[in-house]
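Visitor: I should like to learn how to read a protein model step by step. Could you guide me through this one?

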Amino acid sequence: MRIEVITIFPDFFTSPLDCSIVGRARQSEALAVEVHDLRNWATDKHRVVDDYPYGGGAGMVMKPEPLILAVEDLLSKAGRDCPVILLTPQGQQFDQSKAEQLAKQEQLILICGHYEGVDERVRQSVVTEELSIGDYILTGGEPAALVVIEAVARLLPGVLGNPASLDSESFGSGLLEYPHYTRPAQWRGMSVPEVLLSGHHQKIHRWRYKQALRRTGKRRPDLLEQLELTEDARELLAEIDTECKQG
Ligand code: 4H7
């Protein structure tokens, strides 16, 4: 997959794109990320990319020409259409299913906004979708673009060692993760649950599943409601319910 990023702060991406999973994905050539300085498409000698808002008001607005020219250039180089995504607080919520959908694409173009936002004609002419990584305001779209890149990169074939682990993880299964433990078995009076030391794989599996159900019910009842529960899950939830009432 190829991801093109359009930004006024290319340096913002240097270290995050070299580290960890994304760095490895790029080395393995499963992923190519090109970060483009929007000012390369500015049309004046001072390379200005913002201007005063029509109608007045505080702050500046990103000019339409550099952004639209940048996207057109990148699309023509690709020789085909691809999603052109503006990261914005007004966008559709980015989530795991959206990441899975984007991971199937051959190419993505991500636009990072700044100032008070972008001229509406950028949306009208080149943006195909607007995404938000959550209900909060950032100064620029760069951290949001990195979130999208990271979430997508780890879904690309061959990037993670063991693709089977993707399904069992949080959101893959629709549940929050069960609690994890490693050595030592005892630490400052806190012990690892006995069942995990038992070597009894079936019991361990069921214990983890129950913990995942318990956590999801407690912290994210909205996720639990979206699931089609198996008979076994219903049974475990009933157990959890009784345990709760017993204190
Ligand atoms: C596009 C339009 C994404 C991008 C407006 C981006 C939050 C998210 C931005 C703006 C973002 C998210 C510019 C509007 C700064 C607010 C103070 C960049 N913020 N901004 N203004 N949740 N900001 O995904």
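Guide: Certainly. A residue counts as buried when its relative accessible area is under 20%, and as exposed when that area is over 50%. Please note that this is a predicted model.

Visitor: Is cysteine 82 buried or exposed?

Guide: The relative accessible area of cysteine 82 is 10%. The limit for a buried residue is under 20%. Cysteine 82 is therefore buried.

Visitor: Is cysteine 244 buried or exposed?

Guide: For cysteine 244 the relative accessible area is 54%. An exposed residue has a value over 50%. Cysteine 244 is therefore exposed.

Visitor: How many disulfides does the structure hold?

Guide: A disulfide requires two cysteine sulfur atoms within 2.5 Å. The number of disulfides in the structure is zero. For cysteine 82, which is in no disulfide, the nearest cysteine sulfur belongs to cysteine 112, at a distance of 15 Å.

Visitor: How is helix α4 oriented relative to helix α6?

Guide: The axes of α4 (residues 96–103) and α6 (residues 142–153) come within 9 Å and cross at roughly 70°. Angles of 65 to 115 degrees count as roughly perpendicular. The orientation of α4 to α6 is therefore roughly perpendicular.

Visitor: Which residues in α6 are met by residues in α4?

Guide: From α4, the residues in this contact are Ala99, Leu102 and Ala103. The contact of α4 with α6 comprises six nonpolar residues, no polar and no charged ones. The residues met in α6 are Val148, Ala151 and Val152.

Visitor: Is glutamine 211 buried or exposed?

Guide: Glutamine 211 belongs to helix α9 (residues 201–219). Its relative accessible area is 14%, and the limit for a buried residue is under 20%. Glutamine 211 is therefore buried.

Definitions and conventions:
Residues are numbered from 1 along each chain as its sequence is written. This is a predicted model: local features need pLDDT of at least 70, side-chain atom pairs count only at pLDDT 80 or more; totals for chains, interfaces and linings use all residues. Side-chain values use heavy atoms; hydrogens and water are left out. Buried means under 20% relative accessible area, exposed over 50%, partly exposed in between (1.4 Å probe, protein chains only). Axes are lines fitted to C-alpha atoms, for helices over the stretch in contact, and angles run from 0 to 180 degrees between N-to-C directions. Helices (H or I, at least four residues) and strands (E, at least two) are DSSP runs, numbered from the N terminus. Angles under 35 degrees count as roughly parallel, over 145 as roughly antiparallel, 65 to 115 as roughly perpendicular and the rest as oblique. Contact means heavy atoms within 4.5 Å. Ala, Val, Leu, Ile, Met, Phe, Trp, Tyr, Cys and Pro count as nonpolar, Asp, Glu, Lys and Arg as charged, and the others, Gly among them, as polar.
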